[in-house]
Amino acid sequence: MNDSAAKDTDGARKEPCFPADAGDGTRAVRAGLPEPVKHEPTLPGPVFAAHFHLPGEPTGPYTYGRDENPTWTLLERAIGELEAPGRSGVETLVFASGMAAISSVLFSQLRAGDAVVLPGDGYQALPLASEQLQAYGIEVRTAPTGGDAQLDVLDGARLLWIESPSNPGLDVCDIRRLVQAAHARGALVAVDNTLATPLGQRPLALGADFSVASGTKQLTGHGDILLGYVAGRGGEAMAAVRRWRKIVGAIPGPMEAWLAHRSLATLQLRVDRQNASALELAKALRGRPEVTGLRYPGLPDDPSHRTASQQMRRYGCVVSFTLPTRARAERFLDALRLVDDATSFGGVRSTAERRGRWGGDAVPEGFIRMSVGAEDPGDLVADVLRALDESAH
Ligand SMILES: *Cc1c(COP(=O)(O)O)cnc(C)c1O
C-alpha cells in the first residue's frame, strides 16, 4: 500500500474541515470527509475487509474487521461532528442497528445488583431488553417520559435512559434537569436521539453521557439500511461500549456504513423539508373534527412544545393522532396514495401505520403514527385530507 492510500483510508483528518461556526448544511455535506488526496474520491468507497495486512506487532488502527474498519472511521467521525460540534474527547461508535447500539450501552454499563430507569413509553423493543436485564439480576424501574416523572425513581440508580421525544407518543422531558438530578445521585444518563437526529437535539451538550440512536430512521433517511450509533465522552464508559461491540460483534457492514455516510450529505435538506412539512400537516389536522390527541412537538400549543423548544433545534418529522375507531384508521390508511402503510419513520417517502396493530404500545386502536417525507407539502397535505374525507364512510 502506498503512503497516500494509507493516509486516505486511515481518514487522517483530525479536525473537521469546516469552520467551528459552520451551519448545519455545511456540516452535513462535509462531515467526516478525509483530507483530499489527488486522484482519490471525496468520500472513499466502502472498504471490504475481514482482515488487514498486519506483519509484526498486531497494533491498530486496522487489524481485524470486527474491531475496526476505515469506512466506519469516516462515518463515526461524521456523526461525532454532528452530535458534538467542537467538543473534543467525544467518541462515536457505529453498530449494526439502533438496538445493537442501545444494548451495547445497557449491557456494558450495568451489572447484577444495579438499577436502571427506563422509559415506560419508549421504543417497543425496550421491554425485551428489560426482560433480559432482569434475568441478569438488574433492577428495572420505569417512568413515563412526560412531566420528568423519572425524578421520583432515580435514587440509587446506576443509569437513566431517556427517550425524548418518545416514540410513538411524542412526549418530551427536560433533559438538562434530569441529567443534573441523575449526576447528583451518581447515575449516568443516556438519551435516545433517534427521533430528533443530531440536527434536532444534541444530548451531549445538554449534559448526557451518551447519545444513542438508530441511524435507520431520519439520520440516513431512505429506508434502505439499518444502523445504530453511540456517541459519548471518551474514557472508561466508552471503552466498555467498544468492548461490548467487539464481544457481541454487532457491527455494520462496510456497504451500509458507506451508504449512511453518503446519506448524511443531504441530512439538513431532508430534515428541514420533512420537519417543515410535518408542522404544516399538523396544522392542517388541527381543524379536523375526527382527529383527536394530535401531537407534534413543533406545534406551539402542543403539551411538549415548551420543554422541546428549550432543548431542541428542530422537532422531527413524526406526527401522531387518533381516529375514532380501528376501522376508520384502517380505511384512512387504505385511502392514502402518497403515504405508504409501513412501520419505521424518517424516510424521504411518507409512511403511516396504525400503531396498535403491533400490541405493546399503550395507544388507542385508532392511533396513527405518521412520518412525513420529502414530497411537496401541498400534495401531501391534500392526500391526507382527501383520505380523511374518503374514510368517513
Ligand atoms: C427504531 C428505533 C430504535 C431501534 O432501531 P433499529 O435500527 O430498528 O434497531 C430505537 N429507538 C427508537 C426511538 C427507534 O425509533
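**Exercise 1. Find where Thr197 is located, and say what its phi is and whether the residue is buried or exposed.**

Step 1. Thr197 sits in the loop between strand S5 (188-192) and strand S6 (210-214). Helices (H or I, at least four residues) and strands (E, at least two) are DSSP runs, numbered from the N terminus. This is a predicted model, in which local features need pLDDT of at least 70, side-chain atom pairs count only at pLDDT 80 or more, and totals for chains, interfaces and linings use all residues. Residues are numbered from 1 along each chain as its sequence is written, and side-chain values use heavy atoms, with hydrogens and water left out.

Step 2. Thr197 has a positive phi, near 65 degrees, in a residue other than glycine. Most residues other than glycine have a negative phi.

Step 3. With 1% relative accessibility, Thr197 counts as buried. Buried means under 20% relative accessible area, exposed over 50%, and partly exposed in between (1.4 Å probe, protein chains only).

**Exercise 2. Describe Asp148 by its phi, its place and its accessibility.**

Step 1. Asp148 is not a glycine, yet its phi is positive, about 55 degrees.

Step 2. To find Asp148, look in the loop between strand S3 (139-143) and S4.

Step 3. Asp148 counts as buried, at 8% relative accessibility.

**Exercise 3. Work out which residues are joined by the cis peptide bonds at Pro165 and Pro168, and where these prolines lie.**

Step 1. Ser164 and Pro165 are joined by a cis peptide bond with omega about -5 degrees. Pro165 is in the loop between strand S4 (159-163) and helix H6 (175-184).

Step 2. Asn167 and Pro168 are also joined by a cis peptide bond, with omega about 10 degrees. Pro168 has its place in the loop between S4 and H6.

Step 3. For background, most peptide bonds are trans.

**Exercise 4. Explain why Cys173 and Cys317 do not form a disulfide.**

Step 1. A disulfide is a covalent bond between the sulfur atoms of two cysteines. The cut-off used here is a pair of cysteine sulfur atoms within 2.5 Å.

Step 2. The cysteine sulfur closest to that of Cys173 belongs to Cys317 and is 19 Å away, so the two are too far apart for a bond. The structure holds zero disulfides.

Step 3. As for their surroundings, Cys173 is buried with a relative accessible area of 0%, and Cys317 counts as buried at 1% relative accessibility.

**Exercise 5. Say how many salt bridges the structure holds, then look at the pairs Arg245 with Glu76, Glu139 with Arg141 and Glu290 with Arg328.**

Step 1. There are 28 salt bridges in the structure. A salt bridge is a side-chain nitrogen of Lys or Arg within 4 Å of a carboxyl oxygen of Asp or Glu.

Step 2. In the salt bridge of Arg245 with Glu76, the closest N and O atoms are 3.0 Å apart. This pair links distant parts of the chain, 169 residues apart: Arg245 is in helix H7 (residues 235-248) and Glu76 in helix H3 (residues 70-83). Arg245 counts as buried at 1% relative accessibility, and Glu76 is buried with a relative accessible area of 8%.

Step 3. Glu139 and Arg141 meet through their side chains in a salt bridge (2.9 Å, N to O). Glu139 counts as partly exposed at 41% relative accessibility, whereas Arg141 counts as buried at 18%.

Step 4. The side chains of Glu290 and Arg328 form a salt bridge too (3.1 Å, N to O). Glu290 lies in the loop between helix H9 (267-286) and strand S8 (292-295), and Arg328 in helix H11 (residues 326-335), so the pair ties together parts that are 38 residues apart in sequence. Both Glu290 and Arg328 are buried.

Step 5. Finally, a network of salt bridges links Asp24, Arg202, Asp272, Arg313 and Arg314.

**Exercise 6. Identify the residues in contact with Ala387, leaving aside its neighbours within four places in sequence.**

Step 1. Begin in helix H12 (residues 377-390), the place of Ala387. Ala387 is buried, with a relative accessible area of 0%.

Step 2. Beyond those neighbours, Ala387 is in contact with Phe332, Ala335 and Leu336. Contact means heavy atoms within 4.5 Å.

Step 3. Ala387 and Ala335 are 52 residues apart along the chain, and their C-alpha atoms are separated by 4.9 Å.
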